Amino acid sequence: MKVALFLPCYVDQFYPKVGIATLQLLEKLGCTVTYPLNQTCCGQPMANSGFENLAQDCNELFVENFGGSFDAIICPSGSCALHVKHHLHSEKRENDATHIRNHIYELTEFLTDVLKVEQLPARFPYKVGLHQSCHGQRGLHLSQMSELVAAPYSKPEKLLNMVDELELINLERKDECCGFGGTFCVFEEAVSARMGVDRVEDHVRNGAEVLTGGDMSCLMHLEGIVRRNKYPVKVMHIAEILNQA
Amino acid sequence: MNHSEAAEKFTKDVDRTTWHDKTLWFVREKRDKAVFQIPEWEALREAGSRIKHNALSNLDEYLLEFEQNALKNGVKVHWAADGHEHNEIVLQILKETGATQMVKSKSMLTEECHLNEFLIEKGVDVVDTDLGERVVQLANEPPSHIVMPCIHWKKEEIGELFHEHLGTEKGASDPKYLAEAARQHLREKFMTRRAALTGVNFAVAETGGFVVCTNEGNADMGAHLADVHIASMGIEKIIPKARHLGVFLRLLARSATGQPITTYSSHFHRPRQGQTMHIIIVDNGRTTQLGRPDFRNSLKCIRCGACMNTCPVYRRSGGHSYHNAVAGPIGSILAPNLDMRKNADLPFASTLCGSCSNVCPVKIDIHDQLYKWRQVLAAEGYVDSTKKQGMKLMASVLSNPKLFRFSGKAGRTLMRLAPFSVSNPLNPWYKQREMPEPPKESFREWYVNREKK
């Protein structure tokens with residue numbers, strides 16, 4: 001399968017290891033992966049701040065990078081994938097934009113729904129807490145939402161359970177927002193930080209040695225809180241765990 | 001004070017924030033327990049949403065049908081274009097009755113219209129009879145929650161307040177004792193007031209009757225003992241048929257407090273012998289909202305407050321931080337319709353996590369509307385100009401791959417060589433969080449090197 005890798009801008013700049021793990025994991029699972037070299041960002045920072053109109057050049061650039069013949073575009077972030085799925089349009093190449101919207105996948109949904117992965121050659125002997133990022137969960141339906149009266153399922157949990165010796169811990173609030181929220185994290189700094197502290201403490205209280213999730217943006221915020229307050233927990237993106245040998 | 005400033009003030013008291021968050025989360029959990037006992041819950045929400053959709057699409061006809069039926073029942077019907085007209089109508093009715101005192105059960109509409117302030121200024125003595133509302137009234141505060149108006153008060157603080165106003169023993173904080181004191185205090189008001197105002201939860205077009213839901217029976221005590229019953233309702237309270245109550249009464253209390261039904265669901269149809277009954281139907285911006293395709297279904301709201309209880313921001317910033325009669329996520333999509341300038345901050349007081357839309361019993365797409373209000377507010381010029389300039393700069397960098405790579409590398413280098421350039425108190429991120437550790441190589445640089453090999 002010929003796929004393109006879309007990395008969120010901050011992952012490219014601050015978390016290359018997450019990009020590397022994603023790339024290696026996809027290759028390990030038999031994909032031919034291309035990383036289009038002129039990619040930057042999905043445009044969400046502007047759009048979520050009310051300036052959707054300022055994101056148009058970003059959108060066109062996105063289509064230039066990812067338009068074409070990819071079978072799938074994979075992004076290790078539910079939030080960016082959701083944004084593209086819902087908001088990507090092009091004045092010049094709307095057909096390509098439509099193809100992208102219909103073929104963009106968050107990493108874990110691609111693994112479970114498209115590749116239909118049933119086993120992984122990974123071992124990770126730690127207690128792991130899964131942070132459900134809202135856009136992946138409530139937007140892309142990566143897992144069942146605690147508010148709805150409906151049967152439970154979870155794509156990221158399904159994958160984590162394939163990892164040898166990995167123990168998933170239970171949280172008191174299994175899908176509460178971490179408070180990152182894009183520019184919310186600076187414009188509503190006080191509430192954002194407080195939400196982050198509460199999320200981290202839920203993981204720590206329940207014995208997580210590693211806090212993981214599918215969205216590095218939430219994890220960047222939580223990691224900032226972990227490091228400031230010296231909580232005894234390590235933050236890792238789910239791709240890094242699934243890619244463990 | 002905008003939401004962010006008020007929230008910062010609120011969160012300064014760490015223990016109180018913990019307590020406030022846990023108290024409201026407890027209500028969310030009660031709601032979860034109650035709704036998970038109803039296997040058809042999601043279908044019920046869908047039914048509620050569709051009935052409201054029909055009601056909003058045919059509002060003109062249903063309102064007239066309701067008016068005709070209410071008139072037939074001997075009720076006097078008034079129409080108010082805005083809050084001021086509503087308040088004047090209430091005052092006029094009181095004058096005609098010769099009443100200078102009135103009891104009032106919970107009505108968020110009258111909060112929205114600032115009725116109490118208006119009447120008090122005109123020399124009318126208004127007593128709120130919902131216990132929580134009485135607490136905030138004595139404290140001279142607005143409610144902080146539409147269902148639990150004094151949820152931000154601790155019982156010890158209510159003890160102090162009652163000691164001062166109702167003469168309870170100093171230091172007493174036993175809820176039963178305090179509730180008993182409030183009952184005695186309110187009993188006297190019910191017995192002596194000749195006018196009572198109630199809200200309306202549901203107005204039934206088919207019958208001209210209306211339903212008021214309370215847990216304390218205070219609406220009934222007020223209305224049954226008074227010579228004049230005034231019921232104030234927003235135009236969106238209409239439902240077409242009486243049988244639709246079977247959907248909404250099941251949805252309302254489970255969503256609000258996790259009860260199967262409110263303790264009192266009182267159906268009013270006509271004045272009893274010797275009583276006069278008035279209904280005031282209020283627009284106050286609702287038709288404007290109805291005319292906004294992206295926001296019209298915010299009018300489906302049945303005021304259960306579930307979106308507040310589940311909102312992680314509301315729980316940690318308190319209802320008053322929203323500076324609007326209706327706080328929380330639903331307040332944040334209703335308020336800009338009333339005053340964009342004053343409420344431009346509210347749609348940004350959210351992470352867009354979407355939990356609000358999932359608990360909403362009438363399936364309002366609250367978080368999508370928050371996103372859409374942000375676009376409207378930015379387009380209409382209600383977003384801070386420094387933020388706008390920042391966004392323009394960001395957009396120009398992110399749409400230019402070379403500039404993006406250059407800025408990224410320069411930024412990372414600066415962070416490594418001079419961490420203080422970003423890790424300083426002027427950076428809001430850094431106040432309570434560390435900055436990410438900048439790597440030497442971006443992913444792209446790593447990838448390009450790998451491809452060369």
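How many helices and strands does the secondary structure of chain B come to? In this predicted model, the count is 22 helices and ten strands. Taken along the principal axes, the C-alpha atoms of chain B fill a box of roughly 95 × 55 × 45 Å. Of the 453 residues in this chain, 48% are buried. Sequence-distant pairs show up a lot here: looking just at contacts in chain B between residues at least 6 apart in sequence, 72% join residues at least 24 apart.

Turning to chain A, there is an open sheet built from four strands, and its order reads E2-E1-E3-E4 with parallel pairing. Strand E2 (32–34) and strand E4 (104–106) sit at the edges, each pairing on one side only. Ignoring direction, neighbouring strands of the sheet are turned by 35 degrees against each other on average. Inside the sheet, strand E1 (residues 2–5) and strand E3 (residues 72–75) of chain A are joined in the parallel sense over three bridges, and A:Val3 of chain A stands opposite A:Ala72 in E3(A). As for what holds such an arrangement together, strands of a sheet pair through backbone hydrogen bonds. Helix H7 (residues 107–114) of chain A lies across E3 and E4, running at about 100 degrees to E4(A).

The UniProt record, an unreviewed entry, puts the feature "domain: Cysteine-rich" at two stretches of chain A, residues 3–85 and 128–222. Residues 3–85 are 52% helix and 12% strand, with the end C-alpha atoms 16 Å apart. For residues 128–222 the figures are 42% helix and 11% strand, and there the end C-alpha atoms are 15 Å apart.

Where the two chains meet, 56 residues of chain A are in contact with 57 residues of chain B. On the chain A side, the elements giving two or more residues include helix H1 (9–14), helix H2 (16–28), helix H4 (56–66), helix H11 (189–205) and helix H12 (216–229). That side divides into 33 nonpolar, twelve polar and eleven charged residues.

One piece of chain B ties into this picture through its buried residues. In helix H1 (residues 3–12) of chain B, these are B:His3, B:Ser4, B:Ala7, B:Phe10 and B:Thr11. They cover an arc of only 120 degrees around the axis, so they end up on the same side of H1(B). The spacing fits the usual helix rule: an α-helix has 3.6 residues a turn, so residues three or four places apart point the same way. The buried residues of H1(B) pack against H10 and H11 of chain A, and also against helix H2 (14–35) and helix H15 (312–317) of chain B.

Methods: Residues are numbered from 1 along each chain as its sequence is written. Chains are lettered from A and ligands numbered from 1 in the order in which they are written. This is a predicted model: local features need pLDDT of at least 70, side-chain atom pairs count only at pLDDT 80 or more; totals for chains, interfaces and linings use all residues. Two strands pair if DSSP finds at least two bridges between them. Axes are lines fitted to C-alpha atoms, for helices over the stretch in contact, and angles run from 0 to 180 degrees between N-to-C directions. Two residues are in contact if their C-beta atoms, placed from the backbone, lie within 7 Å. Ala, Val, Leu, Ile, Met, Phe, Trp, Tyr, Cys and Pro count as nonpolar, Asp, Glu, Lys and Arg as charged, and the others, Gly among them, as polar. A residue is buried if 20 or more other C-beta atoms lie within 10 Å of its own, exposed if 12 or fewer, and partly exposed in between; C-beta atoms are placed from the backbone. The arc is that of the directions from the helix axis to the C-beta atoms. UniProt positions are given in the numbering used here, feature names are shortened, and annotations may be inferred rather than shown by experiment.
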